[in-house]
Amino acid sequence: MKILLTGGAGFIGSHTAVELLKNNHEVIIADNFSNASQAVIGRIEKISGQKVKVYNIDVCDAKLCSRMFESEGFDAVIHFAGYKAVGESCVKPEMYYRNNLDSTLTIIEAMEKYGVNNIVFSSSATVYGIPEKVPITEDMPTGCTNPYGWTKYMNERILTDTAAANKNLSVVLLRYFNPIGAHESGLIGEAPNGIPNNLMPYIAQVAIGKREKLSVFGNDYPTHDGTGVRDYIHVVDLARGHVDAINYASSHKGTEIINLGTGVGYSVLDIVKSFERVNGIKIPYVIAERRPGDIAQCYADPSKAEKLLGWKAEKNIDDMCRDTWNWQKNNPNGYEE
Ligand code: UFG
């Protein structure tokens with residue numbers, strides 16, 4: 001299939017591009033590089049041995065989007081593009097709602113105009129808000145704790161309602177848990193701007209000596225060691241899930257919501273210890289205050305993904321720690337020279 005990846009130069013998008021190319025799909029990337037490097041494209045091409053066509057556009061721009069759809073004739077879209085920092089979304093909510101909703105509306109309108117019927121959307125476990133139980137199944141109540149999360153929630157609504165009105169459409173909403181790790185080549189990985197918000201990129205920067213120590217946000221949660229528990233998933237497993245989701249979309253109609261996680265929860269200190277053991281590097285840390293908005297634990301029931309897509313996470317926490325460090329040590333400044 002010929003597949004458009006909006007935000008295809010980002011962390012999850014770039015890994016998905018590689019897996020799609022490996023499975024003989026044609027990949028076209030649309031990215032405005034506001035939070036991604038142009039160097040990513042060359043790296044994808046190096047790993048895959050194939051050329052990737054890129055549109056350097058903002059997918060909120062309806063005219064440019066329309067022109068791209070007209071000239072390409074896509075079979076499917078995977079929509080990753082969007083702002084993604086939880087903290088920033090609380091400070092600049094209008095910017096988040098404008099960008100993240102506008103892009104989805106523009107894409108879905110272009111799809112309808114040009115008869116593209118399959119879309120996979122990058123959603124998040126954040127839409128479960130404070131879950132009433134774990135593991136989390138797709139039918140559990142939703143509700144968010146920050147504007148970023150609400151944009152994911154609202155985009156799910158927009159796509160679900162559009163598919164209800166247009167019976168030709170097929171929508172797969174993928175709710176990601178916590179993607180970490182990197183491609184085993186060490187050529188692509190997560191390259192956050194400035195101080196990392198998320199745990200694994202922060203640990204990686206402590207390991208490389210860019211940050212002095214990790215702050216562990218709270219050790220008084222009701223978990224096995226008091227620190228927050230999450231379902232960390234290797235980004236390559238997550239990327240494979242998109243290949244399966246796009247195949248599923250092309251042979252079904254309507255909307256499906258699917259969790260992509262491993263089903264296993266690890267605490268912050270579990271991750272620190274695994275990283276230290278696997279890579280032989282000490283990660284100094286201090287216990288700090290809880291981070292506002294954080295929940296005690298969040299992990300998936302991934303059985304629906306296995307049943308519908310035949311997908312299952314294959315990589316373990318050691319793989320995630322090893323590949324993160326391999327990427328970080330080979331690219332101490334991310335994609336910057
Ligand atoms: N943590 C620390 N220190 C840090 C960073 C994180 O102790 O410097 C802890 C957090 O308190 C939490 C765990 O590590 O317990 C994971 O935190 P992350 O920021 O890595 O991930 P979150 O689970 O908070 O958020 C992630 C994504 C969001 C997404 C959410 C969905 O970043 O985009 O999962 O559940 F919405």
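This report looks at the ligand site, one pocket and one cavity in the structure above. Keep in mind that the model is predicted.

**Around the ligand**

Let's start with the ligand, which has 18 residues around it. Asn198, Ser215, Arg230, Arg291 and Asp294 come nearest. Strand S8, residues 214-217, supplies the largest share of this shell, with four residues. By class, the shell splits into eight nonpolar, seven polar and three charged residues.

Three polar contacts to ligand oxygen atoms are worth a look, and they sit together in this table.

| Residue | Protein side of the contact | Ligand side | Distance |
|---|---|---|---|
| Leu199 | backbone N or O atom | oxygen atom | 2.8 Å |
| Phe217 | polar backbone atom | oxygen atom | 2.9 Å |
| Asn178 | N or O atom in the side chain | oxygen atom | 3.0 Å |

So much for individual contacts; how much of the ligand does the protein bury? Taken alone, the ligand exposes 680 Å², and 89% of that is buried by the protein.

**The second largest pocket**

Next up is the second largest pocket, with a volume of about 210 Å³. Its lining counts 17 residues, and Glu19, Lys22, His183, Glu184 and Val236 are the ones that lie nearest the centre.

Which helices each supply at least two residues of this lining? They are H1 (11-22), H2 (39-48) and H8 (235-250). Helix H1 has the largest share, with four residues. As for chemistry, the lining of this pocket holds eight charged residues, along with five nonpolar and four polar ones.

**The cavity**

Rolling a probe the size of a water molecule over the atoms shows where empty space is left. How many cavities of 30 Å³ or more does the structure hold? There is one, and the volume of the largest cavity comes to about 40 Å³.

The walls of the largest cavity are made by Ala81, Gly82, Tyr83, Asn100, Phe121, Thr151, Lys152 and Asn155. Helix H6, which spans residues 147-165, gives the most to this lining, with three residues. Sorted by class, the cavity lining has three nonpolar residues, four polar ones and one charged residue.

**Pulling it together**

If you're setting up a view of the model, here are the three sites again. The ligand has strand S8 as the largest contributor to its shell. For the second largest pocket, that role goes to H1. In the largest cavity, helix H6 gives the most to the lining.

Methods. Residues are numbered from 1 along each chain as its sequence is written. This is a predicted model: local features need pLDDT of at least 70, side-chain atom pairs count only at pLDDT 80 or more; totals for chains, interfaces and linings use all residues. Side-chain values use heavy atoms; hydrogens and water are left out. On a 1 Å grid over the protein atoms alone, a cavity is a set of points where a 1.4 Å probe fits but cannot get out, and a pocket is an open set with protein on both sides within 12 Å along at least five of seven lines; lining residues have an atom within 4 Å of a point. Grid points are joined across faces, edges and corners, and a volume is the space filled by probe spheres set on the points. Ala, Val, Leu, Ile, Met, Phe, Trp, Tyr, Cys and Pro count as nonpolar, Asp, Glu, Lys and Arg as charged, and the others, Gly among them, as polar. A residue is near a molecule or strand if one of its heavy atoms lies within 4 Å of it. A polar contact is a pair of N or O atoms within 3.5 Å; within protein, one must be able to donate a hydrogen and the other to accept it, and residues adjacent in sequence count only if both atoms are side-chain atoms. Accessible areas come from the Shrake-Rupley method with a 1.4 Å probe; for residues, only the protein chains shown count as cover.
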